[in-house]
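Ready for some practice? Take a look at the structure below, then work through the exercises one step at a time.

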Amino acid sequence: MLSRIKRKIKTALYDIYRVILTLKDYKEIKEISQLSVLSKETMKNYLAKRCPICQSEDIHSFVKLPLGAPGDQNHSLLYFDYKKVDMDALLKRKDILDGTLGFFLSVPWNFCNKCKNASIGVSFSEEHLLEYYFKYYYRKYGNQPNRRSTKELHGKYLSSFLRETSKVLEIGAAEGFTAEYLAREGHEVFVFEPSGEFKGKLGRSYNLKCIDNINTGENVFDAIYLHHVLEHIPDPIGYIRTLSVLLKSDGILFIQVPDLTSQLEILRKSMKGNIFAIFNPPYYFFDNIKYELSKEKSFAWFDALANDHISAFTPKGIQYILNESNIDAIEIIRSTPDRVIFNPAKYAWPVDEITGNTPNGMTVLARKKL
Ligand SMILES: [Zn+2]
């Protein structure tokens, strides 16, 4: 109870601080907001016309969220065209922009009636995304206590399906906690990581092997896993097809992603008290969507439409992606509230202790189609 009150006071103080920052430099922040691809004037040049997953044009704008909301996201620099804007100047103002641009700018999301997934309404080139992850992406909350023990959980789960001394590849290994766990279990672990923030650290880890290119080799790995990575990738079907070539014929593909299905009610709730939403209201429009987005009670955890995600998946949608990628799902496990435990003494965030996934997430175990 006391911690909840403390958290509320902290949020309120930070909201007041954001308003003061915005008022103080109103003219400058407003001018910078007009340079973003999300500004009304430029947005039309960057609007996505097709679903990035299945290429269908049957996509419908269904949610618009103030940039940076909900929560306290720090991805404002993704939304500038690096060829047109002085990024060094923006980089110096990053903290301020992360805290204030949401008063002016919104991130649009589409839902695709064909593949049943959501995707960002802005069309970014692969080059833009690579540049973002390499140069401008950093994580604000990378130092929670118990982060290692939490991230080892999905390594433990994957390990239970592996033969001794398996060859494993992790895509998007971040600080390498899970990969190091698997290496300590005796597996030969390779990591691929595009983010400049983590690349150097992984390279120094004595028991991991860094690779820079995933387009080499066939039938190499016993398992490939992606923990909250697929939602950042512009063409998930093409990507999984590439991975399926790398997998041995009996190899396992292990994917964890947020599950949009159970998160929309949480989203509405968390936007209600959001400071940006008072000045720049969110938008929800489900009439054109041919998919039942669940209203079931779910854990208060929202990460599906985060500002640095390209896609948000549903169980049906992930099934579509696997089918198109030459992969057979063995099992899709949703981390529903009954599976999630919150034990701050042991884990950094609420987690499904069996699969190691976050609340309202999906764990996919799959194999190559025979
Ligand atoms: Zn689609």
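## Exercise 1: the metal site

Keep in mind that this is a predicted model. Both Cys-51 and Cys-54 turn out to be buried.

**Task.** Find the protein donors of the zinc ion and work out which geometry the site has.

**Solution.**
- Step 1: Look for the donor atoms. They are the SG atoms of Cys-51, Cys-54, Cys-112 and Cys-115, lying 2.3 Å from the zinc ion.
- Step 2: Place these donors along the chain. Their spacing reads C-x2-C-x57-C-x2-C.
- Step 3: Check the angles. Among the four donor atoms of the zinc ion they run from 99 to 116 degrees.
- Step 4: Compare with the cut-off. Four donors count as tetrahedral if all angles lie between 85 and 135 degrees, so the site of the zinc ion is tetrahedral.

## Exercise 2: where two domains meet

**Task.** Describe how domain 1 and domain 2 are placed and what lies between them.

**Solution.**
- Step 1: Get the bounds. The domain assignment gives 2–123 + 264–284 for domain 1 and 147–259 + 313–368 for domain 2.
- Step 2: Count the residues in contact. Domain 1 gives eight and domain 2 gives eleven.
- Step 3: Add the distance. The C-alpha centres of the two domains are 28 Å apart.
- Step 4: Look at the buried area. Domain 1 and domain 2 bury about 690 Å² between them, with 59% of it on carbon and sulfur atoms.
- Step 5: Zoom in on domain 1. Ile-53, Lys-116 and Asn-117 lose the most area to domain 2, together 57% of what that side buries.
- Step 6: Check the polar side. Between the domains there are zero salt bridges, but three residue pairs are in polar contact.

How values were computed:
Residues numbered from 1 in each chain as written. Predicted model: local features only at pLDDT ≥ 70, side-chain atom pairs only at ≥ 80, totals over all residues. Heavy atoms only, no water. Donors = N, O, S within 2.8 Å, 3.2 Å for Na, K, Ca; no water. Tetrahedral: all angles 85-135°; square planar, octahedral: opposite > 155°, others 65-115°. Buried < 20%, exposed > 50% of the residue type's maximum accessible area, 1.4 Å probe, protein only. Domains from an automatic or database assignment. Contact = heavy atoms within 4.5 Å. Buried area = accessible area lost by both parts, 1.4 Å probe. Salt bridge = Lys/Arg side-chain N within 4 Å of Asp/Glu carboxyl O. Polar contact = N/O pair within 3.5 Å; in protein donor to acceptor, adjacent residues only side chain to side chain.
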